[in-house]
Amino acid sequence: MNINFINLQGQYQKYKQEIDKEIHEVLDTSVYIGGNKVTKLEENLANFSGSKHAIACSSGTDALLLALMALDIKSGDEVITTPFTFIATAEMIAFVGAKPVFVDIDEKTYNIDASKIEEKITSNTKAIMPVSLFGQVANMDEINRIAKKHNLKVIEDAAQSFGAEYKNKKSCNLSDIATTSFFPAKPLGCYGDGGAIFTNDDEIASKIRIFLNHGQSKRYIHSHIGINGRLDSIQAGVLNAKLKYYNEEIEKRQSIANRYNNSLKNIITPFVEKNHLSVWAQYCIRVKDREAMLEKCAKKNIPTGVYYPVPLHLQEVFKYLNYKEGDFPVTEKVSKDIMALPMSAFLTEEEQDYIIKAINE
Ligand SMILES: *Cc1c(COP(=O)(O)O)cnc(C)c1O
């Protein structure tokens, strides 16, 4: 058995004709940056998410950076976020000079524990940046309520949750700004780096468009310090081709997750809240002896991953924030026993049975 953690090749083979056509159209017209593939993608993303504006950009990390820039978050400001996420979330807060302020997670969903946010708000707090981790949207109603009460902005880091649903609304359309990533391994991936920013606010949208193109308001007229944060046309083409099948893939991911949930024994399986639909960016289980389980899986040729072994408040880079072991007990506990199993719309039943049997043994 040769199982892929994420079966990108199986996916490519299925959509090959359409993906190749998109790529060749870019090669045949030589419009490599911008152009109608990117415009089309932005329309498609806005339609899919329900958000008024979708702005394609160079990565999920740059999407976070651009969102923070659009809100003018800078040195002296604080942004509340979770310590149980990929580095980029807190990294970009620090990168603009602001201070990441961590709040522990909920032990069931692994998302930020909204009930602990208010006690961390100070006069310097400018925004809350929840992460919709592993494909499940964070507790956005409560987070938006707190933000409104304290006059803060909310940025959903939806790098792992594009397509997820929350009370009949879609991830990326639940806050002032949302960002996602099209890194190949994300639920909707391109064939390189890519990302997008979503907002219903016209002013924020136009700021972001200026920032992502060198602060250029008109050709070679620069009003702001910006970056090169553009998405290239080949990636847009790949995404346009794949997006047509994305709903189908989400359904498949759900049935694969259901199968895991119903068959795995003696471990903690993922918990999804009522009225949520996860896109299963990761299928994470929690086990008593993780090292032993990882080793057993490796012996049986089952690829696994650990998201995330070192919480952000204990990362060397954030030493200056003066957090210490014990500050976020739930995050620390989960980071010690969590591990991810193979998950993609192209995981076969046979492969899945093999994985389930191995884990249950
Ligand atoms: C992947 C990821 C990012 C960064 O996206 P890139 O496209 O790799 O830059 C940011 N936040 C979270 C939660 C992620 O999982």
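Colleague: Before we look at Arg290, what makes a stretch of residues a helix here?

Modeller: A helix is a DSSP run of H or I with at least four residues, numbered from the N terminus. This is a predicted model. Arg290 is found in helix 9, residues 290-299.

Colleague: Why does Arg290 count as having no salt bridge?

Modeller: A salt bridge needs a side-chain nitrogen of Lys or Arg within 4 Å of a carboxyl oxygen of Asp or Glu. The nearest side chain of opposite charge to Arg290 is Glu291, and it is 4.2 Å away. That misses the cut-off of 4 Å, so no salt bridge is counted. Arg290 is buried all the same.

Colleague: Which residues does Arg290 touch?

Modeller: Leaving out residues up to four places away in sequence, Arg290 touches Val306, Ser335, Lys336, Asp337, Ile338 and Met339.

Colleague: What makes Lys37 and Glu25 a salt bridge?

Modeller: Their side chains meet at 2.5 Å, N to O. The limit is 4 Å, so the pair qualifies. Lys37 lies in helix 2 (residues 36-49) and Glu25 in helix 1 (residues 8-29), so the pair ties together parts that are 12 residues apart in sequence.

Colleague: Is Lys37 called buried or exposed, and why?

Modeller: Lys37 has a relative accessible area of 12%. Buried means under 20%, so Lys37 is buried. Glu25 has 30%, so it is called partly exposed.

Colleague: Which residues are linked with Lys37 and Glu25 in a network of salt bridges?

Modeller: Lys21 and Glu22 are linked with Glu25 and Lys37 in that network. A search of the whole structure finds 25 salt bridges.

Colleague: How do you know that Arg259 and Asp353 form a salt bridge?

Modeller: Their closest N and O atoms are 2.7 Å apart. That is within 4 Å, so the pair counts. Arg259 lies in helix 8 (residues 246-263) and Asp353 in helix 11 (residues 349-360), so the pair ties together parts that are 94 residues apart in sequence. Arg259 is partly exposed at 24%. Asp353 is partly exposed at 39%.

Colleague: Why is Lys324 called exposed, and what is Asp327 called?

Modeller: Exposed means over 50% relative accessible area. Lys324 has 53%, so it is exposed. Asp327 has 25%, so it counts as partly exposed. The side chains of Lys324 and Asp327 meet in a salt bridge of 3.0 Å, N to O.

Colleague: How do you know that the buried residues of helix 6 line one face?

Modeller: In helix 6 (residues 202-211), Ile204, Ala205, Ile208 and Phe211 are buried. Seen down the helix axis, the buried residues fall within an arc of 130°, so they line one face of the helix. What covers them includes strand 1 (53-57), helix 3 (60-70), strand 8 (177-181) and strand 9 (195-199).

Colleague: What makes the contact at the start of helix 6 a polar contact?

Modeller: A side-chain oxygen of Asp201 reaches to within 2.9 Å of the backbone nitrogen of Glu203. The cut-off for such a pair is 3.5 Å, so the distance fits.

Colleague: Which residues around the ligand come nearest?

Modeller: Of the 15 residues around the ligand, Gly60, Thr61, Asp157, Ser181 and Lys186 come nearest. A polar side-chain atom of Ser181 lies 2.6 Å from a ligand oxygen atom. For Lys186, the distance to an oxygen atom of the ligand is also 2.6 Å. Gln160 has a polar side-chain atom 2.8 Å from an oxygen atom of the ligand.

Colleague: Why does Gln216 count as buried?

Modeller: Its relative accessibility is 18%. The cut-off is under 20%, so Gln216 is buried. Gln216 is found in strand 10, residues 216-218. A polar atom of the Gln216 side chain lies 3.1 Å from the backbone nitrogen of Tyr220.

Colleague: What is noted about phi at Phe134 and Asn266?

Modeller: Phe134 has a positive phi of about 60° although it is not a glycine. Asn266 has a positive phi of about 65°, and it is not a glycine either. Phe134 is buried at 7%, whereas Asn266 is exposed at 75%. Phe134 is found in the loop between strand 4 (125-129) and helix 5 (140-149). Asn266 lies in the loop between helix 8 and strand 12 (276-277).

Terms used:
Residues numbered from 1 in each chain as written. Predicted model: local features only at pLDDT ≥ 70, side-chain atom pairs only at ≥ 80, totals over all residues. Heavy atoms only, no water. Helix = DSSP H or I, 4+ residues; strand = E, 2+ residues; numbered from the N terminus. Buried < 20%, exposed > 50% of the residue type's maximum accessible area, 1.4 Å probe, protein only. Lys, Arg positive; Asp, Glu negative; His and termini not counted. Contact = heavy atoms within 4.5 Å. Arc of directions from axis to C-beta. Polar contact = N/O pair within 3.5 Å; in protein donor to acceptor, adjacent residues only side chain to side chain. Near = heavy atom within 4 Å.
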